[in-house]
Amino acid sequence: MTAAAPLIELRHISKSFGPIDVLQDISLKVHAGEVLCLLGDNGAGKSTLIKILSGVHRPSAGEILLDGRPVAFASPKDAQTCGIATVHQFGGTFPLMSIGRSFFVGVEPTKGWGPFRVFDRKRANTIAVQAVRDFGITRIDDGDRLVGGLSGGERQSLAIARAVHFGARVLILDEPTAALGVKQAAHVLRIINEAKRRGLAVIFITHQVTHAMAVGDHFAVLIRGAIAADFRKGERTREEITDLMAGGEIMAHIEAAIEGAHADT
Ligand SMILES: Nc1ncnc2c1ncn2[C@@H]1O[C@H](COP(=O)(O)OP(=O)(O)OP(=O)(O)O)[C@@H](O)[C@H]1O
Ligand SMILES: [Mg+2]
């Protein structure tokens, strides 16, 4: 028997913007229930890669496979319909909306009929609060609260819970923990583990090696648009991962340079 096809796979993806080659020959696989950490220094091409996966950009070459079948996304809506959800740094939710309302943007539950249909606020609130609770976030208990009043970690939790509630199978997180404190980042990491337990394929972009090591099963490091390393949990030490994330430079050398700059002043 052959193993199940990866839930999502990239084959030989390249991307150029005019004369600028941003990604070269990227091949990656993520299985259901697995977290892939996408690492790399600023400008390495991480966000461009996930924009291709989420239908924002078209690849210049290569293909995307979902459940082993080639797919092409003409728009972000297309990718969403195929179960690919992307959550950005600040959760992508709407600060001036209530929690319940933001949860259902575009898919509002209504009661009544025809022109008399109204947004069912109570039902929306109950569902949104429950969905977040199912991820272990118990401090959100009032769906009428404004999203803008939530902490960064709570917003991320809400955005992830929303994606999973509406049937996402692939969850892409572009630096969700970047602006968070220690406790809030821990919340988000716990939610990533929960999404994994539920069988989603997760692609997690981070600059923090501790966060990557806390949840990653599989790691890919991008350096100047190409995959410089691709390894599984336990195959590299923390120091090796840190050096790769710095674009392949030895971190000790970088630290020595910083020390030198201090000494000069
Ligand atoms: N639309 C575009 N047109 C031209 N160049 C682009 C475009 N989008 C991205 N780039 C370039 O592609 C490179 C990779 O950018 P990208 O945003 O993917 O990096 P990143 O790995 O996400 O970096 P960071 O860690 O800073 O978020 C950069 O040099 C960027 O300037
Ligand atoms: Mg980026």
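This note describes a sheet, a helix and the surroundings of a ligand in a predicted model.

1. Basis. In this predicted model, local features need pLDDT of at least 70 and side-chain atom pairs count only at pLDDT 80 or more, while totals for chains, interfaces and linings use all residues. Residues are numbered from 1 along each chain as its sequence is written, and chains are lettered from A and ligands numbered from 1 in the order in which they are written.

2. The sheet. An open sheet is formed by four strands (DSSP runs of E, at least two residues, numbered from the N terminus) in the order β2-β1-β4-β5, with antiparallel pairing (two strands pair if DSSP finds at least two bridges between them). Because β2 (20-30) and β5 (69-71) stand at the edges with a single partner strand each, one side of each has no neighbour in the sheet. From one strand to the next, the twist averages 30 degrees.

3. The β4-β5 pair. Strand β4 (residues 61-66) is joined to β5 by three bridges, and the two run antiparallel. Opposite Val-71 in β5 stands Ile-64.

4. The helix. Helix α1 (residues 46-53) lies across β1 (8-17), β2 and β4, at about 65 degrees to β2. Helices are DSSP runs of H or I with at least four residues; axes are lines fitted to C-alpha atoms, for helices over the stretch in contact, and angles run from 0 to 180 degrees between N-to-C directions. Contact requires C-beta atoms, placed from the backbone, within 7 Å.

5. Ligand 1. The residues around ligand 1 include Phe-17, Ile-20, Lys-46 and Thr-48 (C-beta atom, placed from the backbone, within 6 Å). Helix α1 supplies the largest share of this shell, three residues, and β2 supplies at least two.

Technical notes:
Contact = placed C-beta atoms within 7 Å.
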